[in-house]
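Visitor: Could you walk me through this model, starting with an unusual backbone spot and working outwards?
Guide: Gladly! Here it is.

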Amino acid sequence: MKYRLLIYLIVIIVLAFVFGFSTMRVLNQIEDSHMATVKLHLITAIEFIENGTNSFFREKAIRVSDWSSDGNIRETADRISRGKADLKESLGDYILTKKIPLDPYVLAAEVVDEQGKILASTITQEDNESDHLNSFDKETVFKLKFGENAFSMPILEGHHGVAQQLMAHFVSPLFSLADSSKRIGFLVIHVRLDSFFDNIRGENIKTTFGNPKLYLFDHTGKIYLPKEDSSLAKNEIDSILKECAADQKNENGIIKETTLPNGKKTIGALVCTTHGWWISYLAVDQAKIMSQIMQGRDEVALTLGLFLLLTMFIYAFIEFNTSKKIKVIVQVLRDVAGGNLKSRVTVRSSFFSEIIQSINATIDALEKTLSEEHELEKQVASLGRVKNEFISIAAHQIRTPLTSIMFSSDELDKNSKSLPENERGLIQMIKTSVGKLNDFINFLLAATRHENGATRFNLTSFALNELTEELMETLDADILKKELGVTVKLTPDPLPNIYTDREAVKQVIQNLLTNAIRYSKRAGKILIDIKLKDKQIEFAVQDNGIGIPASVKDQIFIKFFRAENAKEQSRDGIGLGLSFSKSLAESWGGKIWFESKEGNGSTFYVTIPVVGTPEAKNSIIG
Ligand code: ADP
């Protein structure tokens, strides 16, 4: 249980680690691609801003050129320049009401003479004495032909009633309507860059990770936008300028990371124009981008934690709920193994219902079969008892008259000297047959007595070789009849006495010798080999007779079994000798076995414990 929990925990932790590790890897990849998306987004936005700004400037340049070709403006300006000062106001009004409403980015406009003095203005309080061309590169401006234009660096300016803001001035020369070779002066328009950049920013650069900041500065590092923000440190601007200087020809966006003076890291896209004056840098707070990823990480960690807790909970639930039921099932199985077939699994469980049903059904079937078997065994046992009783009664009944016949034949034999030869032969035949019959009856009685458990062992010390010779004498007639050669071998010679029941040993050896003689061919050889081995006697009888077919080797010690070749060889024998011998050998703690090859002969072995060994005593008494 403890081990299971430990293994389970280890598996869960390993799984959590593997899962966590691979999730982190995926998150890292997501982070990379997220970062790439951010960069792409910034680059696209900055390029859009650059293109937008270019077109905006082009458009405003066209605007000033277009207005400078207006006949009314040209003619009125011509007349003002020629002294008609009273037209000043109407020209200012004309531009203010007829031209400026066409372009909301134009804040004001003025017509100036070649010295930059105002001839007319949309702003009435404008200072007439100043040089209103001074925001331009004069050399360029004076070279402009009809319809051509130029623009100034952005400037921060405020007009009367209008707050200071980022502006750019656009200029185009004005030529006399009557004499187009005569330049009257210039038309200057004031364009609101602030609102343009506000619009372009608002439309294009809002991102899911906040509103990036648009920085605008010129190639000297002067910052124009954001106006009241100096968050981009001088050194960062310098580094951006350097970047632009190194990348002069590239007007595509460059990704640049910067650190603000407050330590915040930003990531931005940069555009450096080669012809213009501006450098725009669109920057977003890196921490904001990362926070989304970090949030993802936190969620993964939380999910993993919850997963761990949940699986622990499920495990505890299963452990608690099912282990109880499994214990009940195991107990029932133990009961059954211990012989209690009345035990059944009574717990209910939807999870184990099939197992429980089949266990109970199996025990039912087992109980039924065993009770039937038990019944059968009882019947067989009672049949066996009846059979044993019958054999015992019959043998006893035969024995009484047999004893009389034996006694009579002995008496006859004693007084047979005067009888003719053939009659004496008949008496001898009676004696031999009756002797054999008596042996058989004794064997039957001993076997049934042993089977009934009524054998009483009488332990004595005796010499096995003497017993063997004694038996050989009784079997001598059969040996002679078959002309068999019998050899006895003792190792060591003489053998030590053995201490066991002489009658039991005699019975076994007699069976083995009888079989060897019975299943030998005429003039066969029999070797009786008795050896002392590890405090035991190994008694072996070897013949070169008919042998035992391999197919029946396993049935030789079964009661009443006789092999077909044995039946052909001899009608004597009923198939009880070996089963009885095995039972006797086992009762003294010995073993009985054989080696045989059909047609080549057999060797039967039996082991008998030596004199005085406690094992021998115990096994026989038991
Ligand atoms: P049986 O009275 O038939 O000899 P056993 O129980 O002594 O009965 O032997 C059982 C069977 O074992 C025999 O019928 C015979 O088939 C086989 N058997 C026993 N001893 C030998 C042997 N020495 N040679 C060949 N077959 C044997």
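Visitor: Where in the chain does Glu483 lie?
Guide: Keep in mind that this is a predicted model. Look just past helix H11, which covers residues 476-481. Glu483 sits in the loop that links helix H11 to E13.

Visitor: What is the phi of Glu483?
Guide: Most residues other than glycine have a negative phi. Glu483 is a residue other than glycine, yet its phi is positive. The value is near 55°.

Visitor: Is Glu483 buried or exposed?
Guide: The cut-off for exposed is over 50% relative accessible area. Glu483 has a relative accessibility of 51%, so the residue counts as exposed.

Visitor: Which loop holds Ala523, another residue with a positive phi?
Guide: Ala523 has a phi near 60° and is not a glycine either. Helix H12 (502-518) and strand E15 (525-533) flank this residue. Ala523 therefore belongs to the loop between H12 and E15.

Visitor: Is Ala523 buried, exposed or partly exposed?
Guide: Partly exposed covers the range between the buried limit of 20% and the exposed limit of 50%. Ala523 has a relative accessible area of 44%, so this residue is partly exposed.

Visitor: Which residue does a cis peptide bond join to Asp493?
Guide: Most peptide bonds are trans. Here, omega is about 5° and the bond is cis. The partner of Asp493 is Pro494.

Visitor: What is omega for the peptide bond from Thr491 to Pro492?
Guide: Pro492 lies in the loop between strand E13 (485-491) and strand E14 (498-501), and Pro494 is placed in the loop between E13 and E14 too. The bond from Thr491 to Pro492 is cis. Its omega is near -10°.

Visitor: Stepping back, how many helices and strands does the chain have?
Guide: Both kinds of element occur in the chain. The count comes to 15 helices and 18 strands.

Visitor: Why is the chain described as more spread out than a compact globule?
Guide: For 622 residues, the globule rule gives 25 Å. The chain is well over that, so it is more spread out than a compact globule. Its C-alpha atoms fill a box of roughly 205 × 50 × 45 Å along the principal axes. The radius of gyration itself is 64 Å.

Visitor: How far apart are the centres of the positive and negative side chains?
Guide: The chain carries 74 positive and 79 negative side chains. Taking a centre for each set, the two lie apart by 7 Å.

Technical notes
Residues numbered from 1 in each chain as written. Predicted model: local features only at pLDDT ≥ 70, side-chain atom pairs only at ≥ 80, totals over all residues. Heavy atoms only, no water. Helix = DSSP H or I, 4+ residues; strand = E, 2+ residues; numbered from the N terminus. Rg over C-alpha atoms; globule rule 2.2 N^0.38 Å. Lys, Arg positive; Asp, Glu negative; His and termini not counted. Charge placed at Lys NZ, Arg CZ, Asp CG, Glu CD. Buried < 20%, exposed > 50% of the residue type's maximum accessible area, 1.4 Å probe, protein only.
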